[in-house]
Amino acid sequence: MAHNPLQLVINSYKQPINSLSTMNRTPLEGAVEQIAKRLGYSFFAAQDDYMSQLVSCYPAAWLAPLKLHEIDGRQHGRISYDLTLHLMCLGTKLTVAQRTQAFADMESQLLSLFAELSLSPTVIAVTALEITPRTFAFTTHGELSQTATARIITFF
């Protein structure tokens with residue numbers, strides 16, 4: 001009895017792929033954590049709603065949950081994530097010059113962080129990087145913050 005090639009293809013696509021959901025997410029989050037800690041930041045990862053409750057020491061790095069943007073391929077291919085990272089430092093009682101320097105330092109550290117992240121084994125590229133100084137504090141501590149967003153393209 002001959003098998004219909006189309007039916008074989010359809011059946012193979014019905015098979016679940018369990019490894020795609022966390023294959024690149026977990027190492028990517030771990031890489032961001034390691035780099036942030038190496039730069040001297042306390043690291044936190046959760047939804048932004050919890051920031052004021054969890055951040056207790058500075059400087060701090062806050063990774064929002066990664067957003068899966070796109071998957072190309074089935075067993076081999078690319079996964080793109082949208083990543084949002086906040087860097088924070090104490091900002092109370094700083095002069096205008098000190099605040100300007102703090103923003104410049106955080107911007108430089110974010111650029112270094114994403115440059116190092118681009119060298120991670122599964123990362124193909126870091127694209128659409130935007131760094132925005134925040135005009136408000138996320139917590140009641142009066143911190144200064146910079147928010148970086150980027151699309152991270154990985155392969156599996």
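**Cysteines, cores and salt bridges in a predicted model**

Q: How does Cys57 count: buried, partly exposed or exposed?
A: This is a predicted model. Cys57 has a relative accessibility of 33%. Buried would need a value under 20%, and exposed a value over 50%. Because 33% lies in between, Cys57 counts as partly exposed.

Q: How does Cys89 count: buried, partly exposed or exposed?
A: Cys89 has a relative accessibility of 15%. The limit for buried is under 20%. Cys89 therefore counts as buried.

Q: How many disulfides does the structure hold?
A: A disulfide is a covalent bond between the sulfur atoms of two cysteines. To count here, two cysteine sulfur atoms must lie within 2.5 Å. The number of disulfides in the structure is 0.

Q: Which residue shares a polar contact with the side chain of Glu143?
A: Glu143 lies in strand 6, residues 143-155. Beyond four places in sequence, its contacts include Met88, Cys89, Ala137 and Phe138. A side-chain polar contact of 3.5 Å joins Glu143 to Tyr58.

Q: How far from Glu143 is the nearest side chain of opposite charge?
A: Glu143 is buried and has no salt bridge. A salt bridge needs a nitrogen and a carboxyl oxygen within 4 Å. The nearest side chain of opposite charge is that of Arg134, and its distance from Glu143 is 9.2 Å.

Q: Which residue forms a cis peptide bond with Tyr58?
A: The bond has an omega of about 0°. The partner sits in the loop between helix 3 (51-54) and strand 2. Tyr58 is joined in cis to Pro59.

Q: Thr154 is buried; what is its relative accessibility?
A: Thr154 is found in strand 6. Beyond four places in sequence it touches Leu28, Ile79, Tyr81 and Val123, among others. Thr154 counts as buried because its relative accessibility is 0%.

Q: Which side chain makes a polar contact with that of Thr154?
A: Asn24 is one of the residues that Thr154 touches. The polar contact between the side chains is 2.6 Å. The partner of Thr154 is Asn24.

Q: Which element gives the most residues to the largest nonpolar core?
A: This core has 29 residues, and those with the most contacts inside it are Leu83, Leu85, Phe114, Leu117 and Ile152. Elements that give two or more residues are helix 2 (25-38), strand 2 (60-63), strand 4 (77-90), helix 4 (96-117) and strand 6. The top contribution is 7 residues, and it comes from helix 4.

Q: Which residues of helix 4 (96-117) are in contact with Ile152?
A: Ile152 is among the residues with the most contacts inside the largest core. Its contacts beyond four places in sequence include Leu28, Ile79, Tyr81, Leu83 and Val123. Helix 4 spans 96-117. From that range, Ile152 is in contact with Phe114 and Leu117.

Q: How many residues are in the second core?
A: The second core is separate from the largest one. Phe44, Ala60, Met88 and Phe138 are included in it. Its residues number 8.

Q: Which residue forms a salt bridge with Glu116?
A: The closest N and O atoms are 2.3 Å apart. Glu116 lies in helix 4 and its partner in helix 2, so the pair ties together parts 78 residues apart in sequence. Glu116 is partly exposed at 31%. The partner is exposed at 55%, and it is Arg38.

Q: How many residues separate Asp82 and Arg151?
A: The two form a salt bridge, with closest N and O atoms 2.7 Å apart. The pair links strand 4, which holds Asp82, to strand 6, which holds Arg151. Asp82 is partly exposed at 23%, and so is Arg151 at 26%. Their separation along the chain is 69 residues.

Q: Which residue meets Arg78 in a salt bridge?
A: The N to O distance is 2.8 Å. Arg78 is partly exposed, with a relative accessible area of 36%. Its partner is partly exposed at 28%, and it is Asp72.

Q: What is the phi of Ala128?
A: Ala128 is found in strand 5, residues 123-133. It is exposed, with a relative accessible area of 57%. Although Ala128 is not a glycine, its phi is positive, at about 55°.

Note on methods: Residues numbered from 1 in each chain as written. Predicted model: local features only at pLDDT ≥ 70, side-chain atom pairs only at ≥ 80, totals over all residues. Heavy atoms only, no water. Helix = DSSP H or I, 4+ residues; strand = E, 2+ residues; numbered from the N terminus. Buried < 20%, exposed > 50% of the residue type's maximum accessible area, 1.4 Å probe, protein only. Lys, Arg positive; Asp, Glu negative; His and termini not counted. Polar contact = N/O pair within 3.5 Å; in protein donor to acceptor, adjacent residues only side chain to side chain. Contact = heavy atoms within 4.5 Å. Core = buried A, V, L, I, M, F, W, Y, C linked by side-chain atoms within 4.5 Å.
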